[in-house]
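The exercises below are to be worked with the sequence and the 3D model at hand. Each task is followed by a solution in steps.

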Amino acid sequence: MNMLERAISAIHVLDELAGRNTLVNKLHPLAKLGAVLCFILTVLSVDKYALSGVVAMGIYPVFLYQLADLSLCEGIKRFRTVAFLLIGLGLANVYFDTAVLLNIGGIAVSGGWVSLFVLLLKGLWSFLAVYFLIATTGMEQICYALQLLHLPKVMSVVLLLTYRYLILLLQEGSRMSAAYALRAPYSKGIAFNAWGTLVGQLLLRSIDRAQTVYESMALRGFDGTFYLQRAADGKGALAFVLLSLGFCLVFRLLPVFAILGSLL
């Protein structure tokens, strides 16, 4: 299985997870969207040197994954690409922020390294929260929740079509890659001089398929309005939101680990 096929499989896995009949999947999509947005904003508001504070915020996504019966290892695995980007952004701090903040076993740790770790953890917790939202809700129901927040209809439709267009783009890319491999069996990858032609053909084919998909949706009555696809657990959704807000407030305003350490 090549890289494109793995990406397509990962998207299909998310759709299958969202279609499960679990307790978390039954919660109202607006409740899950609001809780995840609140958590992400709370994580991003943590100071760049607050290492213990951002570590404590990781309790929430771990709890969510256990509650939703999701694989935490799989979520962390999906984070790899984002991690490389964050490391590239955070390495600059290592060279410019050289003031020593910590001493661990006689090893001086500068503020640049601390801020890099904090940046990585912020990105990891935020990514896991978004992965949880998509895997337990589905893109259509997320668009429904955004519709309830009075997001302009065109934006929610564009979000959905972009998600679906990505699948079409990957599928066309996988077909073209397989066709090229059959015509050049002894070539290791796609030749550099063929990339321009293949990318142009990929764009044209995927646009045609996306137009066909949109016309099919329009023929079936799609007008940009989203609907709740299953009965939602109202009381469970309220409890979920309150617990999420309580966690964010307590772990953001109080040094929980420091308090526990002093008590123990």
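At 72% relative accessibility, His150 counts as exposed, where exposed means over 50% relative accessible area, buried under 20% and partly exposed in between (1.4 Å probe, protein chains only). The model is a predicted one, in which local features need pLDDT of at least 70, side-chain atom pairs count only at pLDDT 80 or more, and totals for chains, interfaces and linings use all residues. Residues are numbered from 1 along each chain as its sequence is written, and side-chain values use heavy atoms, with hydrogens and water left out.

**Exercise 1. Backbone at two loop residues**

Task: Locate His150 and Asp69 and state the phi of each.

Solution.
- Step 1. His150 is in the loop between α8 (139-148) and α9 (153-183). Helices (H or I, at least four residues) and strands (E, at least two) are DSSP runs, numbered from the N terminus.
- Step 2. The phi of His150 is positive, about 65°, although the residue is not a glycine.
- Step 3. Asp69 sits in the loop between α4 and α5 (72-78). Its phi is also positive, about 55°, and Asp69 is not a glycine.
- Step 4. Asp69 counts as exposed, with 60% relative accessibility.
- Step 5. For background, most residues other than glycine have a negative phi.

**Exercise 2. The helix before His150**

Task: Is α8 largely enclosed or not, and which of its residues are buried?

Solution.
- Step 1. The buried residues of α8 are Met139, Gln141, Ile142, Cys143, Tyr144, Ala145 and Leu146.
- Step 2. Because seven of its ten residues are buried, α8 is largely enclosed by the rest of the structure.
- Step 3. Those buried residues pack against α2, α7 and α9.

**Exercise 3. Two helices against α7**

Task: Determine how α4 and α2 are oriented relative to α7.

Solution.
- Step 1. The axes of α4 (residues 59-68) and α7 (residues 111-137) come within 10 Å and cross at roughly 20°. Axes are lines fitted to C-alpha atoms, for helices over the stretch in contact, and angles run from 0 to 180 degrees between N-to-C directions.
- Step 2. That makes α4 roughly parallel to α7. Angles under 35 degrees count as roughly parallel, over 145 as roughly antiparallel, 65 to 115 as roughly perpendicular and the rest as oblique.
- Step 3. On the α4 side the contact uses Pro61, Leu64, Tyr65 and Ala68, and on the α7 side Trp125, Leu128, Tyr131, Phe132 and Thr136. Contact means heavy atoms within 4.5 Å.
- Step 4. The residues of the α4 contact with α7 divide into eight nonpolar, one polar and no charged. Here Ala, Val, Leu, Ile, Met, Phe, Trp, Tyr, Cys and Pro count as nonpolar, Asp, Glu, Lys and Arg as charged, and the others, Gly among them, as polar.
- Step 5. The axes of α2 and α7 come within 9 Å and cross at roughly 175°, and the two helices are therefore roughly antiparallel.
- Step 6. Pro29, Lys32, Leu33, Val36, Phe39, Ile40, Val43 and Leu44 of α2 meet α7 residues including Lys122, Trp125, Val130 and Phe132. The contact of α2 with α7 holds twelve nonpolar, three polar and two charged residues.

**Exercise 4. Single residues in α2 and α7**

Task: Compile the surroundings of Thr42 and Val130.

Solution.
- Step 1. Thr42 is in α2 (residues 29-44) and is buried, with a relative accessible area of 10%.
- Step 2. Not counting residues up to four places away in sequence, Thr42 touches Met57, Cys248 and Arg252.
- Step 3. Val130 belongs to α7 and counts as partly exposed, at 35% relative accessibility.
- Step 4. With neighbours within four places in sequence left aside, Val130 is in contact with Val36 and Ile40.

**Exercise 5. The core**

Task: Which residues of the largest nonpolar core touch the most other members?

Solution.
- Step 1. A nonpolar core is a set of buried Ala, Val, Leu, Ile, Met, Phe, Trp, Tyr and Cys residues joined through side-chain atoms within 4.5 Å.
- Step 2. In the largest one, of 58 residues, they are Phe39, Met57, Tyr60, Leu70, Trp125, Phe132 and Phe240. The largest share of this core, 13 residues, comes from α7.
- Step 3. Leu70 touches Leu17, Arg20, Tyr65, Phe132, Ala135 and Thr136, not counting residues up to four places away in sequence.
- Step 4. Buried residues make up 37% of the 264 residues in the chain.
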